[in-house]
Amino acid sequence: MKQLQRILENVIARANINLRRSAIDVGPYVHGAVPQDNYAQFYAFYGITTEHPLFFNFQCSSLAGSYFFGKCDVQHSVLYKCDVRGDELKSVTNGFSVDGVCLRLHNDEVIKIIDSFLHKALIHSFSHDPEFPEEFVIKNTVALSYANIHGAPVMGSFLGPFATIDLCTVQNTSIGAFAYVQVCDLQPSIVDPGHIWIRNKAGDEFSYRYDPEVLAKYVSIAPGERAKGVFMDFVEGRKRDFERVFGFLYASRPETYAPGSFVSRYAVVKGETSIGENVLVAQRAYLENAHLGKGANAQENSYVVDSVLEGYDVTAHGAKIIGSRLGKNVFVGFNSFLRGTAEAPLTVGEGSVVLPHSIVDLAEPVDIPPRHVVWGHVTRPGDLATQSVSIDDFAKVDGEAAIGPMTFTGNGGRFIRAFQNRIHHILEANGAYFDGGQQNLGHAQKTKNITYNLIQPYVEGGFKGVYPNMRIFPLCCDDDIGM
């Protein structure tokens with residue numbers, strides 16, 4: 001495993017140099033995340049569809065990645081069991097609009113992953129960075145279990161487990177476990193674990209920090225160890241179901257569900273589960289005794305268990321919904337954890353927004369009224385007084401407001417409208433509004449004919465755990481094959 005060790009040590013050294021102001025050593029986290037023998041035990045795969053521009057380049061990489069979909073250039077990197085969604089890359093044909101100005105691209109956008117360790121992390125390529133529109137860059141970065149890199153180029157940074165960087169550019173920054181950051185540009189800094197921080201271009205700023213003792217119950221990590229807590233126990237307890245799904249070397253086509261819907265071959269579907277029209281169930285999603293009404297979606301690494309989603313609901317990457325009933329048009333943000341029980345059920349009213357990285361873990365029944373915004377840690381009805389507000393009341397804020405430990409500065413109406421517009425975009429992009437023809441096509445309709453190719457690593461010798469160096473690309477036209 002000499003080659004693999006060289007790659008790992010190079011990634012660690014480069015990340016540490018970038019993070020030297022933070023005085024963090026990523027080495028123990030990298031070595032503690034994965035036993036080295038595991039690198040040789042898993043296959044990687046990539047999806048092929050006519051909708052996405054195929055071009056992959058892997059150099060000296062221990063890959064174990066999946067779901068590339070579009071252009072992905074990997075150099076000297078370790079992408080251990082991460083998902084790379086290159087299905088919203090910018091193209092020369094479509095251009096790129098920034099603040100009403102249309103940029104003409106020189107080349108199609110490419111995901112470039114350089115000298116990085118991404119352990120079970122999700123990369124979604126919907127980048128808003130106007131400075132480098134042809135490249136979505138992840139460089140000299142370490143991201144731990146179930147972190148989300150969502151439309152966020154990142155250089156020289158560290159992401160703790162279940163952390164999310166969203167629609168921003170991050171450089172030389174340490175982001176703690178379960179922190180959520182959407183702040184446009186983030187220069188060298190340290191973001192504390194459990195800090196939920198949103199700041200848009202207009203200057204509207206939302207900030208909430210979890211009590212460290214509460215956060216430690218759900219997720220914590222120490223150098224040289226794997227993450228632990230309720231979140232890890234929950235996903236590890238369902239690991240066997242995914243092992244069965246991924247145990248097939250060649251994925252068959254998904255079963256047929258309601259018209260316009262798509263359920264990935266690499267999703268888990270169990271129990272009395274029903275799938276409505278125009279529903280998208282992405283790979284690594286987990287459904288058990290779940291009802292997904294028309295236009296709902298369950299995105300990557302999300303879980304819907306013993307729950308009803310009435311329709312047009314968004315379950316964002318990593319969100320977990322258990323023992324709950326969601327009215328129509330409910331948004332559940334990244335890595336949120338909603339858990340009701342038979343004795344303490346959770347109901348979320350129509351049009352409500354559960355902000356990213358919220359924890360609603362019930363000891364008593366809770367009924368969240370329609371059109372409310374929810375955040376933080378909720379266990380009983382009384383908690384809603386300090387960790388929720390009606391959308392109408394939030395929209396009236398113009399200046400500064402504080403509700404419990406949450407602080408907000410700016411225009412509440414503008415902040416809420418931005419969220420609502422984004423929810424509409426997500427539903428539209430995922431095909432929730434598909435009309436049965438050629439209008440309103442989204443991911444649920446465009447990925448129906450996806451097929452998969454596999455790549456496997458060396459299993460012995462000096463290259464053990466490393467994947468072959470290869471370039472993968474389509475032929476340009478029929479003439480290339482003599483037709």
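A polar contact is a pair of N or O atoms within 3.5 Å. The legends below describe a predicted model.

**View 1. The start of helix H8 and its polar contact.** A side-chain oxygen of asparagine 411 lies within 3.1 Å of the backbone nitrogen of glycine 413, at the start of H8. Glycine 413 is also one of the buried residues of this helix.

**View 2. Helix H8 along its length, residues 412-429.** The helix has 18 residues, which at 1.5 Å a residue should span 26 Å; the C-alpha atoms at its ends are 26 Å apart, so the expected and modelled spans agree. The buried residues of H8 are Gly412, Gly413, Phe415, Ile416, Phe419, Arg422, Ile423, Ile426, Leu427 and Ala429. Just after H8, glycine 431 adopts a positive phi of about 90°.

**View 3. The open sheet of eight strands.** Strands of a sheet pair through backbone hydrogen bonds, in either a parallel or an antiparallel sense. Here the order is E19-E16-E13-E10-E7-E3-E2-E45, and the pairing is mixed. The edge strands are E19 (185-186) and E45, each of which pairs on one side only.

**View 4. Strand E2 between its neighbours E3 and E45.** Towards E45 (residues 470-472), strand E2 (residues 56-59) runs antiparallel, and three bridges join the two strands. Towards E3 (residues 72-75), E2 pairs in the parallel sense over four bridges.

**View 5. Residue partners of strand E2.** Which residue of E45 stands opposite asparagine 57? It is arginine 471. In E3, the bridge partner of asparagine 57 is aspartate 73. Phenylalanine 58 has valine 74 as its bridge partner in E3.

**View 6. The whole protein, for orientation.** The protein contains nine helices and 45 strands. Its C-alpha trace spans about 65 × 55 × 50 Å along the principal axes. A compact globule of 483 residues would have a radius of gyration near 23 Å; the value for the protein is 22 Å, which agrees. Buried residues make up 59% of the 483 residues. Among contacts with a separation of 6 or more, 40% are between residues 24 or more positions apart. The protein exposes about 19,700 Å², of which carbon and sulfur atoms supply 50%.

Key: Residues are numbered from 1 along each chain as its sequence is written. This is a predicted model: local features need pLDDT of at least 70, side-chain atom pairs count only at pLDDT 80 or more; totals for chains, interfaces and linings use all residues. Side-chain values use heavy atoms; hydrogens and water are left out. Two strands pair if DSSP finds at least two bridges between them. The expected span of a helix is 1.5 Å times one less than its number of residues. Buried means under 20% relative accessible area, exposed over 50%, partly exposed in between (1.4 Å probe, protein chains only). A polar contact is a pair of N or O atoms within 3.5 Å; within protein, one must be able to donate a hydrogen and the other to accept it, and residues adjacent in sequence count only if both atoms are side-chain atoms. The radius of gyration is taken over C-alpha atoms; the globule rule is 2.2 Å times the number of residues to the power 0.38. Contact means heavy atoms within 4.5 Å. Accessible areas come from the Shrake-Rupley method with a 1.4 Å probe; for residues, only the protein chains shown count as cover.
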